[in-house]
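Here's a walk through the fold, starting with one small turn and working out to the whole sheet and its core. Keep the 3D view open as you read.

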Amino acid sequence: MARLTQPEEVAQGFEDAWNAHDMTALRALFHADATFVNRFGHYVRGVDEIVAMHTPIHETIYRDSVLRNEVIDTVMIADTAAVVHFWSRLAVGAAHPAGTHSVDTLILAVLTRSEDAWLIKALENVTLTDPRTGEPILRSQEIAPFRE
């Protein structure tokens with residue numbers, strides 16, 4: 001796993017780790033005491049808990065999923081701290097009980113620079129939903145094609 005040299009690289013790093021279903025690469029993106037809120041509002045603290053939350057879903061319902069991320073903006077808070085927002089489209093495969101479908105989320109990641117790399121200190125993932133019905137919605141604009 002390549003080290004993140006710029007905060008906005010977090011979107012590609014997260015995408016790469018997800019699509020490889022590589023929990024070692026996912027772990028490498030986070031500080032040891034990082035926090036994570038998934039799209040269902042499940043909060044965990046610590047990289048071990050973050051990996052523990054993701055491992056079983058990558059072995060089962062998301063084992064054939066593909067994630068595509070697109071950076072919206074990067075806000076520098078200080079020389080060693082930044083907030084990155086990015087769109088995320090999860091294309092779920094046949095392994096999911098609900099079958100093949102896509103979900104769009106908005107991710108907010110707070111990163112700090114540790115030595116020569118940026119690491120995630122906190123990440124929150126919010127599913128886009130219709131406020132009138134609560135039904136998940138997809139963004140109208142296309143997410144960039146998958147990069148190999």
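How many residues lie between β1 and β2 in their hairpin, and which residue in the turn has a positive phi?

## The β1-β2 hairpin

Keep in mind that this is a predicted model. The β1-β2 hairpin has five residues between its strands, and the residue to look for in the turn is Gly41, with a positive phi of about 85°. The two strands run antiparallel and are joined by three bridges. If you want a spot to start from, take Val37, whose bridge partner in β2 is Tyr43.

β1 itself is mostly covered, with six of its eight residues buried. Besides its link to β2, β1 pairs with β6 in the parallel sense, over four bridges. Phe36 marks that pairing, as it stands opposite Leu123 in β6.

## The whole sheet

Now zoom out. The strands make an open sheet of six, in the order β2-β1-β6-β5-β4-β3, and the pairing is mixed. β2 and β3 are the edge strands, each pairing on one side only. On average, neighbouring strands in this sheet are turned by 15° against each other, direction ignored.

Helix α1 packs on this sheet and touches β1, β3, β4, β5 and β6. The direction of α1 makes about 150° with that of β3.

Further along the sheet, β5 and β6 run antiparallel with 10 bridges between them, and Val110 stands opposite Ala122 in β6. β3 (residues 66-78) and β4 (residues 81-92) are antiparallel too, joined by 11 bridges. Those two form a hairpin with two residues between them, and along it you'll find Val71 opposite Phe86 in β4.

## The helices

Back to α1, which spans residues 10-20 and is mostly covered: eight of its 11 residues are buried. Among the buried ones are Phe14 and Trp18, along with Glu15 and Asn19. Right after the helix comes His21, which has a positive phi near 50°.

α3 lies across β1 and β2, running at about 50° to β1. For α2, a handy residue to click on is Met23. Is Met23 buried or exposed? Its relative accessible area is 15%, so Met23 counts as buried, the cut-off being under 20%. Leaving aside neighbours within four places in sequence, Met23 is in contact with Val51, His54, Thr55 and His58. For a sense of scale, Met23 and Pro97 sit 74 residues apart in sequence and 22 Å apart in space, C-alpha to C-alpha.

## The nonpolar core

In soluble globular proteins, nonpolar side chains tend to be buried together. Here the largest nonpolar core has 31 residues, and those touching the most other members are Phe14, Leu29, Phe30, Phe36, Leu111 and Leu123. At least two residues of this core come from each of α1, α2, β1, α3, β4, β5 and β6.

Phe36 is a good one to display with its surroundings. Not counting residues up to four places away in sequence, Phe36 touches Phe14, Phe30, His42, Tyr43, Val44, Ile50, Met53, His54 and Leu123. Leu123 is also the residue that Phe36 stands opposite in β6, and His54 turns up among the contacts of Met23 as well.

Note on methods. Residues numbered from 1 in each chain as written. Predicted model: local features only at pLDDT ≥ 70, side-chain atom pairs only at ≥ 80, totals over all residues. Heavy atoms only, no water. Buried < 20%, exposed > 50% of the residue type's maximum accessible area, 1.4 Å probe, protein only. Pairing = 2+ DSSP bridges. Core = buried A, V, L, I, M, F, W, Y, C linked by side-chain atoms within 4.5 Å. Contact = heavy atoms within 4.5 Å. Axes fitted to C-alpha atoms, helices over the stretch in contact; angles between N-to-C directions.
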